[in-house]
Amino acid sequence: MFFSLISCKPTKTGIYDSFNTETSKTESLLPSKILTGAQQTDLYLNVLAGKNIAVVANQTSVIFKGQRKKDKNESEYTHLVDSLLSLKIKIQKVFSPEHGFRGTADASEIINDGVDAKTGLQIVSLYGNNKKPTNEQLRGVDIIVFDIQDVGVRFYTYISTLHYVMEACGENNIPLIILDRPNPNGHYIDGPTLEMEYKSFVGMHPVPLVYGMTIGEYAQMINGENWLKDGLQCNLTIIPLKNYTHQSSYHLPIRPSPNLPNDKAINLYPSLGFFEGTTINAGRGTEHQFQRYGAPFFPESEFTYTPHPNFGSKNPKHNGKLCYGVDLSATKKLSKVNIEYLVDAYKKTPINEAFFGSTFTIHAGNTELENQLKNGLSAKRIRNSWQPKIEAFKKIRLKYLLYE
């Protein structure tokens, strides 16, 4: 594999508590904290100077300014593109992933090309029919910078965008610089492993649902395992995190996509994301996306909600209908995929109601999970069936880790 790495030794100090909205006094006074790759401009600006740059970015591509203040929930920040332009870096164009450059589009909504109103830069969508930068779109580009906040879940499509960008770079001999960011679900590995016959944009690689790697580490694995077509390799440079380990908690001050509004939703997303391939509503159309699940045909219960169109969900499942369901907003932080939610929902669905949608198989990554549910297997037996492939993956993963 062809990649360079600017080394930063991980430490265990200066982390954000993902499930507290306020930073403790002790933490706010720490001399160091997690530094994203983007923040460490001294490690990459000299490489970009005088070159024609393309940036793969969205609303999470920001540079934070100093420590979080005690009276604020968010750090002050500037967008990476704005910062680079102010430093006289020549940005030719911006490529945007699913949800768009400003992160306002629904899941699966087609994103059109356009022009950024603030900077006047050309925005090229990498979602829809154009998932990979074309040779023409890369004409005149010397270096691509990739800076997107991932959440560490196989069916979250930013790693698929990463794959296609790496492939385009390999085809056009363009170096790729990844500004690494923390994985908020990086503290565990779990879930069913994708079988390659079910490869799609919501799962391109034979990895467990939750893979426990940053996007920089994952890029190294794509290269090292020869997952790019025709044996291509990407000339890869990682600007690593500082003060980060896989057990570090990290608060995302900017939602990574419209329907992941907070840390609780991000933590529950691996477990509730299966519902995207079913007829069950997982909180879309409410202000508690991926923190509840329900349907009108569930048995009556005390907890109810009614989905309506809102930011990020123009037509939610069971729009305008009263749903009986389960509220997960008070659950403790998960360190596993809780398959009990899916088992529970399947049992609550009447025989005469559809449960599985057309995309369930590609979300699961295999047909086995659907068959296990239909055959009434317990959550424990389903979880046990994942373990051999998880253990095999851990050995592969170990080769590409940058952090403890």
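A search of the whole structure, which is a predicted model, finds 19 aromatic pairs. In one of these, the rings of Tyr269 and Phe290 have planes at 90° and centres 5.0 Å apart, so the pair is edge-to-face. Distant parts of the chain are linked by this pair, since Tyr269 belongs to helix α6 (residues 263–272) and Phe290 to the loop between α6 and β13 (292–295), the two residues being 21 residues apart. Tyr269 is buried, its relative accessible area of 8% lying under the 20% cut-off, and Phe290 likewise counts as buried, with a relative accessibility of 1%. A further edge-to-face pair is formed by Tyr293 and Phe298, with 6.5 Å from centre to centre and 85° between the planes; both of these residues are buried.

Tyr269 and Phe290 also belong to one aromatic cluster, which they form together with Phe155, Tyr156, Tyr158 and Phe274. Aromatic rings take part in contacts with charged side chains as well. The charged end of Lys131 sits over the ring of Phe201, at 5.2 Å from the ring centre, while Arg292 lies over the face of Tyr305, with 4.9 Å to the centre of that ring.

The largest nonpolar core comprises 90 residues, and those with the most contacts inside this core are Ile144, Leu176 and Tyr218. Helix α4 (residues 158–172) supplies the largest share of the core, namely seven residues. When neighbours within four places in sequence are left aside, the residues in contact with Ile144 are Ala54, Val56, Leu138, Val165, Cys169, Ile174, Pro175, Leu176 and Ile177. A second core, separate from the largest one, has 22 residues, among them Tyr44, Ala57, Ile177 and Ile239.

Two of the residues in contact with Ile144, Ala54 and Val56, fall within strand β2, which spans residues 52–57. Five of the six residues of β2 are buried, so this strand is largely enclosed by the rest of the structure. Strand β2 pairs in the parallel sense with strand β5 (residues 90–96) over five bridges, and within that pairing Lys93 of β5 is the bridge partner of Ala54. A parallel pairing over five bridges also joins β2 to strand β8 (residues 143–147), where Val145 of β8 is the bridge partner of Val55.

Burial is also pronounced in helix α5 (residues 215–224), in which nine of the 10 residues are buried, so that the helix is largely enclosed by the rest of the structure. The buried residues of α5 include nonpolar side chains such as Ile215, Ala219, Met221 and Ile222, and the list also contains Gly216, Glu217, Gln220 and Asn223. Tyr218, another buried residue of α5, is one of the residues with the most contacts inside the largest nonpolar core. Just after this helix, Asn226 takes a positive phi of about 55°.

For the chain as a whole, 10 helices and 15 strands are found, and 59% of the 404 residues count as buried. Among contacts in the chain with a separation of 6 or more, 72% are accounted for by residues 24 or more positions apart. The accessible surface of the chain comes to about 16500 Å², and 51% of this surface belongs to carbon and sulfur atoms.

Methods
Residues numbered from 1 in each chain as written. Predicted model: local features only at pLDDT ≥ 70, side-chain atom pairs only at ≥ 80, totals over all residues. Heavy atoms only, no water. Phe/Tyr/Trp six-rings, centres within 6.5 Å; stacked < 30°, edge-to-face > 60°. Helix = DSSP H or I, 4+ residues; strand = E, 2+ residues; numbered from the N terminus. Buried < 20%, exposed > 50% of the residue type's maximum accessible area, 1.4 Å probe, protein only. Lys NZ or Arg CZ within 6 Å of the ring centre and 35° of its normal. Core = buried A, V, L, I, M, F, W, Y, C linked by side-chain atoms within 4.5 Å. Contact = heavy atoms within 4.5 Å. Pairing = 2+ DSSP bridges. Areas by Shrake-Rupley, 256 points an atom, 1.4 Å probe, with all protein chains shown as cover.
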